[in-house]
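Biologist: Hi! Could you walk me through the pockets in this model?

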Amino acid sequence: MLILLCTPPSVGANRVNSKRPVNLDITTIKLPLPAYTSILHRISGVILFIGLGFLLYGLELSLASEESFDALKTLLSAPLAKFIIWGILSALIYHLIAGVKHLLMDMDVGDGKESGSLGSIVTLVLSSVLIILAGVWVW
C-alpha cells in the first residue's frame, strides 16, 4: 500500500491507460442507426426543456391582460418566433415518436438488430413527414 501511494502518478496512469481505447474521437466512430436515433431523442428532450421557458412566457403574456395578449399575437407573427415555435413542435414530434419506439422496445417489440434498424428508419421517416406538416401549419 505504501508503494502505491509513493509512486508518481504517471507510473500508475500508464498501467491504466494501456487498456483504454486509442480512438476517442466521436466523429470517427461509426455508430449504428438506432444509436443516432437514441441520441436525437435525448437532444429533443433537452430542446423541449429549454423551449418550455418560451412557452411559459407566452402563457404568462396571454393571461396577464388584453394588451399583453395583443402583444403576444404580434410577437408570434414574427418569422423568428414562428421558427422557434416550429423548432419546439419538431422536438415534440420527434421526442413523442422516438419515445413510443422506446416504449415498444421496452415491451420486447422490435428490440432485435434488424428490427431495431427498421424501427429507427420508421421513426426518422414518420418524424420527418410530421415535422414538415408542422412547418406548413406554423408558416
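What follows is a chat about two pockets and two residues.

Modeller: Happy to. This is a predicted model, where local features need pLDDT of at least 70, side-chain atom pairs count only at pLDDT 80 or more, and totals for chains, interfaces and linings use all residues. Residues are numbered from 1 along each chain as its sequence is written, and side-chain values use heavy atoms, with hydrogens and water left out.

Biologist: Thanks! How much space lies in the largest pocket?

Modeller: About 270 Å³. On a 1 Å grid over the protein atoms alone, a pocket is an open set of points where a 1.4 Å probe fits, with protein on both sides within 12 Å along at least five of seven lines. A volume is the space filled by probe spheres set on the points, which are joined across faces, edges and corners.

Biologist: Which residues lie nearest its centre?

Modeller: Phe54, Gly58, Leu72, Leu76 and Ile85, out of 14 that line the largest pocket; a lining residue has an atom within 4 Å of a point. The elements giving two or more residues to that lining are α3 (33-64), α4 (66-76) and α5 (79-106). Helices here are DSSP runs (H or I, at least four residues), numbered from the N terminus.

Biologist: How does that lining divide into nonpolar, polar and charged?

Modeller: It has 13 nonpolar residues, one polar and no charged. Ala, Val, Leu, Ile, Met, Phe, Trp, Tyr, Cys and Pro count as nonpolar, Asp, Glu, Lys and Arg as charged, and the others, Gly among them, as polar.

Biologist: And what volume does the second largest pocket have?

Modeller: About 180 Å³. Its lining has 13 residues, with Val100, Lys101, Leu104, Gly119 and Thr123 nearest the centre. Helix α6 gives the most, six residues, and the lining as a whole divides into seven nonpolar, five polar and one charged.

Biologist: Let's stay with Thr123. Is it buried or exposed?

Modeller: Thr123, in helix α6, has a relative accessible area of 3%, so it is buried (under 20%; exposed is over 50%, partly exposed in between, with a 1.4 Å probe and protein chains only).

Biologist: What is Thr123 in contact with?

Modeller: Leaving aside neighbours within four places in sequence, Thr123 is in contact (heavy atoms within 4.5 Å) with Tyr94, Ile97, Ala98 and Lys101. A polar atom of the Thr123 side chain also lies 2.7 Å from the backbone oxygen of Gly119.

Biologist: Changing topic, where is Gly99 found?

Modeller: In helix α5. Its C-alpha is 9.9 Å from that of Arg42, although the two residues are 57 apart in sequence.

Terms used: Polar contact = N/O pair within 3.5 Å; in protein donor to acceptor, adjacent residues only side chain to side chain.
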